[in-house]
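Q: Please look closely at the chain with the richest detail, and relate the others to it in brief. How do its strands, helices and loops fit together?

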Amino acid sequence: MEQKNLKEEILRISGVNPRKCMKCGKCSGTCPSYEEMDFHPHQFVYMVESGDIEPLMASGSLYRCLTCFACVERCPRQVEPAKLIEAVRLTVIRQQGQNHLKPDQLPGMLDEDMPQQALVSAMRKFAK
Amino acid sequence: MQKVIREKAIELLRSGKVDRVLGWKEGEFFYDQTPHLFLSPEEVERTFVYNGFSGANLSKYLVKEGLKEGVVAVFLKPCDTYSFSQLLKEHRIARDKIWAVGIPCEGKLDIELLRKMGIRGIKTIEEKGDELLVSTIYGEKTVAKKDVLAERCANCKSRKHVLYDELLGEEGEVLDSARFDQIEKLEQMTSEERFAFWQNELSRCIRCNACRNVCPACTCEKCVFDNADSGIASKAPASSFEEQNFHIIRAFHVVGRCTDCGECSRVCPQGIPLHLINRKFIKDINAFYGAYQAGENPDERAPLTNYSTEDMEPGDVFKKGE
Amino acid sequence: MQRIGVFVCWCGSNIAATVDVKAVAEALGKEPGVVYFEDYQYMCSEEGQNKIKNAIRDYKLTGAVICSCSPRMHENTFRKAAAAAGINSFMVEIANIREQCSWIHKDKVSATEKAIILGRAAIAKVHLNAPLTAGESPVVKRALVIGGGIAGIQTALDIADAGFEVDIVEKKPTIGGKMSQIDKTFPTLDCAACILTPKMVDVAQNEKIRIFSYSEVDAVKGFVGNFKVSIRRKARFVDEVKCTGCGLCTEKCPQKKVPNEFNLGLDQRRAIYIPFAQAVPKVATIDADYCTMLKTGKCGVCSKVCAAGAIDYKQKDTFVEEEYGAIVVATGFNPIELKKYDEFAYSQSPDVITSLEFERITNAAGPTGGTLLRPSDGTHPKKIVFVQCVGSREDGGGCGKTYCSKICCMYTAKHAMLTREKYPDTEVYVFYIDVRTPGKSFDEFYRRAVEEYGVHYVKGMVGKVSPENGKLMVRASDLIEGKQLNIDADLVVLAAAIEPDQSARPLATMLTASMDTNDFFTEAHPKLRPVESPTAGIFLSGCCQGPKDIPETVAQASACAAKVIGLLAKDKLTCNACVAHSSEMLCNGCSTCEKVCPYGAISYEEKEFRMPDRTTRVRRVASVNPAVCQGCGACTVACPSGAMDLHGFSNRQIMAEVDAICK
Amino acid sequence: MQIEEKFEPTIVAFCCNWCSYAGADLSGTNRLQYPANVKIIRVPCSCRVNPMFILRAFQRGADGVILCGCHPGDCHYTTGNYYARRRMTLLFSMLDFLGIERERTRVEWVSAAEGAKFAATMNDFVATVTRLGKNRRLEDLRCKK
């Protein structure tokens with residue numbers, strides 16, 4: 001997809017207006033997965049706005065976001081970064097063969113301590 | 001020269017141009033002259049002298065003379081003209097009542113130096129170029145003039161008259177003098193040595209006030225030391241510091257006004273080199289704020305009534321030498 | 001002998017905790033002349049003041065020593081109390097045993113000892129105190145405003161509105177100042193001319209206001225309430241009264257190649273000119289540097305076309321002497337010189353411009369008629385880069401300023417927004433270090449630029465601008481994304497720092513008003529007296545005091561006017577009581593004191609005296625004008641004879657304090 | 001045997017009303033300690049300080065005298081401290097010339113905001129003068145009781 005359309009697509013999916021961001025960094029400050037991300041929530045917002053989206057799509061950070069919505073809750077300007085990350089993730093998954101989680105991976109991930117529901121929800125989230 | 005000056009004095013008096021003449025009158029001894037106000041040509045002819053002992057700076061007398069009726073003629077040596085000019089700058093002299101005659105000066109003698117050579121009972125001294133023919137009651141003696149020149153004349157700063165109405169003889173020039181050498185020598189001593197030096201000198205002070213009374217810069221209507229209301233009035237020394245206090249304040253009061261005429265040291269009966277204190281201020285002013293000679297330029301601002309935003313800090317005085 | 005009362009304050013435990021107040025009171029009670037002593041918890045309270053008043057009455061005190069907090073805190077309180085009890089308020093001295101004793105010492109013994117010594121010094125001083133009365137001086141009920149920008153205009157209008165006469169001195173041919181060059185104003189985006197020019201007309205039509213345009217202040221003498229100002233009216237070679245402002249001369253003048261300063265040199269005007277259509281006064285001025293007639297004596301076209309016969313090539317500078325009660329400084333600002341900022345290529349490319357130049361380019365009355373065009377080739381720029389903080393917030397060493405210029409964030413947001421509104425196809429980048437938008441509706445304004453108009457705000461500074469093939473290559477950093485950017489811009493706009501006008505420094509010297517290192521006028525108090533200079537009678541309006549936007553400038557201008565009106569409303573001013581005075585019998589007339597007086601308060605006169613020896617003598621003596629003297633005491637030390645002394649801080653009083661401390 | 005008492009110098013500090021006196025007040029407000037040896041005399045401006053006062057203090061038994069004023073350029077009376085600076089420069093140089101310990105006199109510019117500087121200056125000055133010991137060279141013995 002062309003850069004410009006890509007940005008429009010993401011904004012359409014998420015319903016987020018990244019221009020509202022005032023670059024305060026509170027989203028990243030509140031993010032529980034911060035340490036595990038290459039691109040942090042504020043960078044998602046900033047880079048989507050500047051159309052620099054491909055690095056985001058290639059980044060593993062997409063799957064480190066827990067969608068806990070702490071950033072959405074705390075953003076002073078109601079930019080809702082998590083929705084934006086979700087939109088980027090969806091853009092990736094919707095491409096052919098880009099499912100992040102495949103059903104045949106699941107048996108290996110079974111774990112006594114992990115509720116099965118978590119895997120089900122991950123499956124829904126990371127796959128078409 | 002004495003002859004020329006006498007003739008000028010007589011001419012001025014006779015012509016009615018002036019009513020009085022301020023000059024030097026012979027005293028009991030050859031070397032003992034007093035400033036005197038001559039009222040008639042006869043008096044001039046009889047007792048007016050001008051020679052190696054006519055050291056007195058007559059400019060200060062003009063303050064009082066200017067208050068009287070009539071015009072007074074005054075004979076001023078080059079260094080006296082600086083004092084005269086400075087006093088005019090301070091509005092202390094009524095200029096229109098003064099007829100100033102500049103006269104040359106070849107340096108004045110210090111009687112103490114002659115005495116130190118063991119010369120006693122002086123009758124007359126004849127100047128013959130660089131030598132002096134001294135006739136005493138014990139016979140005649142020849143001495144080199146430079147050996148008996150007063151310190152201020154040995155380190156003469158200028159032979160130029162800065163101000164006069166007429167000039168006798170030829171005009172001289174501002175000289176390069178070594179007058180700050182002795183200050184530098186003192187500056188190089190340690191603090192203790194300097195203290196000992198001044199303690200020795202100033203402890204001899206008897207507070208006779210001669211230095212103040214002769215000083216052409218000390219023309220206050222009433223001196224602070226005589227003014228009971230000033231809070232620092234004091235007439236007698238009592239301890240080591242009193243003299244310092246007096247001399248520091250006196251020197252400070254004449255900062256930027258002292259022309260370095262050296263009268264204070266000349267008249268000191270105790271032989272204290274008081275001019276060194278004033279000269280230290282002059283040296284500092286030259287070094288810190290640029291060369292300044294009191295009495296030289298009537299329009300120039302004196303260093304203490306002037307400033308620059310870039311002036312050095314008081315603490316910096318001690319930094320540069322170390 | 002004085003009868004002195006000593007009052008020792010506990011200040012709750014502030015003093016009493018470290019100083020044995022009872023011991024202090026008792027020790028001081030034993031000092032000679034002390035007839036009453038007392039200690040109390042809060043001397044400054046009503047009850048405490050009553051104690052002082054009662055003691056003064058009951059014990060017939062002639063003086064009082066209060067051992068308490070700093071005199072800077074309560075000296076006036078206690079002086080008023082003493083005056084209420086019937087003794088002169090200057091018979092009160094404060095021993096500062098709080099700020100300078102109990103608060104800085106922990107050891108009670110040494111603190112108590114010190115408090116006693118400080119008390120003794122105060123007692124020693126009171127012994128020598130004499131009742132002082134402050135003199136009064138009349139007030140000339142007219143004001144002078146220096147500078148005819150929006151600050152000066154507003155101040156003048158407000159003062160005139162209160163019924164006082166005002167003169168405005170403006171060095172340019174017209175009033176209006178920087179605001180007249182601006183296109184639109186933030187945050188409301190109304191056009192500057194639409195709100196400024198009616199005010200300029202008000203000024204011209206106000207009967208109480210006179211405008212001295214093309215004039216400068218030449219000399220200032222006098223003091224608060226009684227300034228004497230000499231105003232130089234520069235020759236404009238046009239009779240202001242006869243000139244109708246028709247402008248025919250400005251069309252016919254053959255000398256067309258004069259850089260137009262009103263448009264910052266972006267276009268050219270004639271040698272005879274009216275700066276802009278709404279100029280006040282609308283009078284032509286001949287630029288002597290370019291006029292062929294004035295330079296060679298051959299031309300005279302303007303004189304021929306002028307129907308009013310207003311042209312006068314022989315006009316000379318004239319001087320107007322006027323008296324004023326108050327002077328308002330409203331000298332304004334200028335953008336700094338950018339020649340030294342090589343990295344932004346300001347001198348290399350005409351397409352690198354300052355924000356003020358941008359204002360002119362976008363102004364409908366500007367050189368391009370309001371169409372945004374590049375100065376170099378007149379094309380429409382497609383990519384514009386704005387750079388903030390050019391020359392602001394720099395470390396002292398360089399050519400920039402240490403302070404924030406305050407207005408740049410807002411006007412840059414305005415420029416960016418207006419550009420995007422008029423030309424949506426233009427890409428706009430703003431490089432910033434911080435975006436500072438404190439002010440009513442300011443941040444919302446900036447957010448609109450970002451959110452509604454899509455201006456790209458990039459955190460980071462531009463490092464280098466290089467002109468290449470008609471483009472401007474802008475290399476900058478993007479700190480959020482952590483990368484370097486290269487933008488091929490068509491136009492670069494620099495938000496140059498602003499600095500006080502060059503005329504401010506010499507003016508400050510004339511007014512004896514103080515300035516900071518940046519040449520901004522210092523206010524009497526940064527918080528509580530922001531529109532007054534420490535020099536009485538001098539008031540500050542607008543950017544001469546510090547960077548300000550228009551709403552703030554107008555607010556300050558009105559505040560300044562209120563202060564001026566407050567001064568002019570008085571018939572008489574009470575002077576400083578602690579002034580220098582000369583003992584005429586001691587004065588030598590040497591003029592030393594006169595030379596060090598910063599206020600010109602000392603003058604000399606010839607007076608006849610009867611001398612102690614019963615003669616009469618005319619002597620030259622100093623006399624101090626108590627209305628002018630501010631009581632610094634420079635003269636007292638300069639005076640060799642000790643004739644000059646200072647009321648309230650006399651030689652003997654200070655020496656008595658010295659003696660008491662060193663005993 | 002004599003018991004040596006700790007030497008406590010007497011320090012006179014002349015402070016101009018507008019900057020340094022306020023600076024001294026500020027160091028009080030901030031509870032910044034400096035020795036009780038320092039006694040402050042308030043003068044309207046540093047240019048009010050006559051060399052006479054300084055000599056008088058030494059004469060009466062002061063061990064150190066410090067003059068504090070507004071920073072050059074910030075004088076409330078615009079030029080006062082410039083004159084004071086010249087006067088004190090010359091006076092201090094003279095005192096040194098007469099053999100009086102130079103460390104006993106000092107000029108320091110302290111603004112109304114420099115409470116910390118005021119305290120630090122006083123601490124340092126008291127320490128310096130304490131090291132020098134009693135002022136003997138300038139004292140007037142008649143003034144001793």
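A: **A close look at chain C**

In chain D, 72% of the 145 residues are buried, where buried means 20 or more other C-beta atoms within 10 Å of a residue's own, exposed 12 or fewer, and partly exposed in between, with C-beta atoms placed from the backbone. The model is predicted: local features need pLDDT of at least 70 and side-chain atom pairs count only at pLDDT 80 or more, while totals for chains, interfaces and linings use all residues. Residues are numbered from 1 along each chain as its sequence is written, and chains are lettered from A and ligands numbered from 1 in the order in which they are written.

Chain C may be followed from its N-terminal part. Helices (H or I, at least four residues) and strands (E, at least two) are DSSP runs, numbered from the N terminus. Strand 1 (residues 4-9) of chain C is paired in the parallel sense with strand 2 (residues 34-40) of chain C over six bridges; two strands count as paired if DSSP finds at least two bridges between them. Within this pair, C:Gly5 stands opposite C:Tyr36 of strand 2. Together with helix 1 (residues 21-29) of chain C, the two strands make a right-handed β-α-β unit. Right-handed here means that, with the strands pointing away from the viewer, the path from the first strand over the helix to the second runs clockwise.

Helix 1 of chain C also packs against helix 5 (residues 108-128) of chain C, at an angle of about 40° and with the axes 9 Å apart. Axes are lines fitted to C-alpha atoms, for helices over the stretch in contact, and angles run from 0 to 180 degrees between N-to-C directions. From helix 1, C:Ala23, C:Val24, C:Ala27 and C:Leu28 make the contact, and from helix 5, C:Thr112, C:Ala115, C:Ile116, C:Gly119, C:Arg120 and C:Ile123; two residues are in contact if their C-beta atoms, placed from the backbone, lie within 7 Å. By type, these residues divide into seven nonpolar, two polar and one charged. Ala, Val, Leu, Ile, Met, Phe, Trp, Tyr, Cys and Pro count as nonpolar, Asp, Glu, Lys and Arg as charged, and the others, Gly among them, as polar.

The loops of chain C hold several backbone features. A cis peptide bond with omega of about -5° joins C:Phe186 and C:Pro187, and C:Pro187 lies in the loop between strand 8 (184-185) and strand 9 (190-191). Another cis peptide bond joins C:Val280 and C:Pro281, with omega of about -5°; C:Pro281 is in the loop between strand 15 (272-273) and strand 16 (285-286). C:Phe237 is not a glycine, yet has a positive phi of about 60°. This residue is in the loop between strand 12 (226-233) and helix 8 (248-252), and C:Phe237 is buried, with 23 other C-beta atoms within 10 Å. C:Leu264, also not a glycine, has a positive phi of about 55°. The loop of C:Leu264 runs between strand 13 (258-259) and strand 14 (268-269), and C:Leu264 is buried with 20 other C-beta atoms within 10 Å.

Further along chain C, five strands form an open sheet with parallel pairing, in the order 20-27-21-22-23. Strand 20 (352-354) and strand 23 (456-459) stand at the edges with a single partner strand each, so one side of each is left without a neighbour in the sheet. From one strand to the next, the twist averages 25°. Strand 22 (residues 427-432) and strand 23 pair in the parallel sense over four bridges, with C:Phe431 opposite C:Val458 of strand 23. Helix 12 (residues 408-422) of chain C packs on the sheet, touching strand 21 (383-390), strand 22 and strand 27 (491-496), and its direction makes about 175° with that of strand 21.

The other chains complete the account. On the side of chain B, 16 residues are in contact with 19 residues of chain C; the chain B residues divide into four nonpolar, seven polar and five charged. Chain A has eight helices and zero strands, and 30% of its 128 residues count as buried. In helix 3 (residues 41-49) of chain A, nine of nine residues are buried, and that helix is followed by A:Gly51, whose phi is positive, near 80°. Chain D has four helices and four strands, in the sequence pattern β-α-β-α-β-α-β-α.
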